[in-house]
Structures are given as C-alpha cells and as structure tokens.
Amino acid sequence: MTRTLEWKINMDLQEDEDTTEAHAVLDTGKSRITGHGTARRNPEDEAVPLIGDELAASRAMSDLARQLMRLAYRDIGEAGAGMSAEEERQGPYGWSPPDR
C-alpha cells in the first residue's frame, strides 16, 4: 500500500535587540508539536540578523526533531512493539541513533 503525506512546518522568528527566538510548529493531523530555539548575539560581534535567524531556526528544528522522535517511540510502545533496554539504546527496527 502506497501512502503519500505532506507535513508542513510553520516557522516564526522574532528578533529583539541581540536575541532571536524561533518557534517551529508541525501539525501531523494527530499531534501538534512546537520546537523552540534561541540565538543571542555577542554585543562585540557585528550585527548580521541572518545568522541569528539561521541559528535560532536550526535549534527550533532540532528541538522539533527530538520531540517527534520521542512521539514515535511512544507510538511504537502503544502499538505493542515495545523494545528491550538494548533495543531502545540502539534505536527501533535497525535504525541507529547518531553517534554521540
């Protein structure tokens, strides 16, 4: 069975002096997840707003990804496909988490 979905992420950025805040929102139809990210410019650095936007947005996306993975693990457990401690450390179904 082939299935096609499209998930859109809405990203809001707000800059206030030397701080940029980002909020990334993903609505999967079942869950709504919001990732948060912040970037702060060192007052001694040149003001380049795009850098703050990029950093804050990437941190919000990283937060969103972590939350989505936790949600997937929870859904795996609810589907009756629980993992042993070793399997959880390695990741489900042969997918390995990135090296730390």
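Let's start in strand 3, where Gly-35 is the bridge partner of Ala-24. Helices and strands here are DSSP runs, numbered from the N terminus, with H or I over at least four residues for a helix and E over at least two for a strand. That bridge belongs to a wider pairing: strand 2 and strand 3 run antiparallel to each other over nine bridges. For two strands to count as paired, DSSP has to find at least two bridges between them.

Before I go on, a word on what you are looking at. This is a predicted model, in which local features need pLDDT of at least 70 and side-chain atom pairs count only at pLDDT 80 or more, while totals for chains, interfaces and linings use all residues. Residues are numbered from 1 along each chain as its sequence is written, and side-chain values use heavy atoms, with hydrogens and water left out.

Now, back to strand 3, residues 32-40. Which of its side chains are buried? Ile-33, Gly-35, Gly-37 and Ala-39 are, and they point to one face. Arg-32, Thr-34, His-36, Thr-38 and Arg-40 point to the other face and are not buried. Buried means under 20% relative accessible area, exposed means over 50%, and partly exposed is in between, with a 1.4 Å probe and protein chains only. It's the textbook pattern: in a regular strand the side chains alternate between the two faces of the sheet.

The hairpin of strand 2 and strand 3 has four residues between the strands, and there Gly-29 takes a positive phi near 95°. Another positive phi turns up at Glu-17, near 55°, and this residue is not a glycine. Most residues other than glycine have a negative phi. Glu-17 sits in the loop between strand 1 (9-16) and strand 2 (19-27), and is exposed because its relative accessible area is 70%.

Let me stay with strand 1 for a moment, because Asn-10 lies there and is exposed at 52% relative accessibility. What does Asn-10 touch beyond its neighbours within four places in sequence? The contacts are His-23, Ala-24 and Val-25, contact meaning heavy atoms within 4.5 Å. So Ala-24 comes up again, as a contact of Asn-10 and as the bridge partner of Gly-35. The C-alpha atoms of Asn-10 and Leu-26 are 6.8 Å apart, although 16 residues separate the two along the chain.

Stepping back, the protein has two helices and three strands, in the order β-β-β-α-α from the N terminus. Of its 100 residues, 21% are buried.

On to helix 1, residues 49-78. Its 30 residues should span 44 Å at 1.5 Å a residue, and the end C-alpha atoms are 43 Å apart, so the two agree. The expected span is 1.5 Å times one less than the number of residues. The buried residues of the helix include Gly-52, Ala-56, Ala-60, Leu-64 and Leu-71, and their cover includes strand 1, strand 2 and strand 3. Just after the helix comes Gly-80, with a positive phi near 85°.

Asp-63 is also among the buried residues of helix 1, at 15% relative accessibility. Asp-63 forms a salt bridge with Arg-66, the closest N and O atoms being 3.8 Å apart. By salt bridge I mean a side-chain nitrogen of Lys or Arg within 4 Å of a carboxyl oxygen of Asp or Glu. The two residues are three apart in helix 1, about one turn, and Arg-66 is partly exposed at 45%. Salt bridges with shared partners also join Lys-30, Arg-74, Asp-75 and Glu-78 into one network.

Where does a salt bridge link distant parts of the chain? Take Asp-18 and Arg-41, with N to O at 2.7 Å. Asp-18 is in the loop between strand 1 and strand 2, Arg-41 in the loop between strand 3 and helix 1, and they are 23 residues apart. Overall, the count comes to six salt bridges.

One last stop, on the surface. Val-48, Leu-50, Ile-51 and Leu-55 make a nonpolar patch of about 330 Å². Patches take residues with over 30% relative accessible area and no salt bridge, joining like charges within 9 Å and nonpolar side chains (Val, Leu, Ile, Met, Phe, Trp, Tyr) within 5 Å. The areas come from the Shrake-Rupley method with a 1.4 Å probe, and for residues only the protein chains shown count as cover. Leu-55 is in helix 1 and is partly exposed at 36% relative accessibility.
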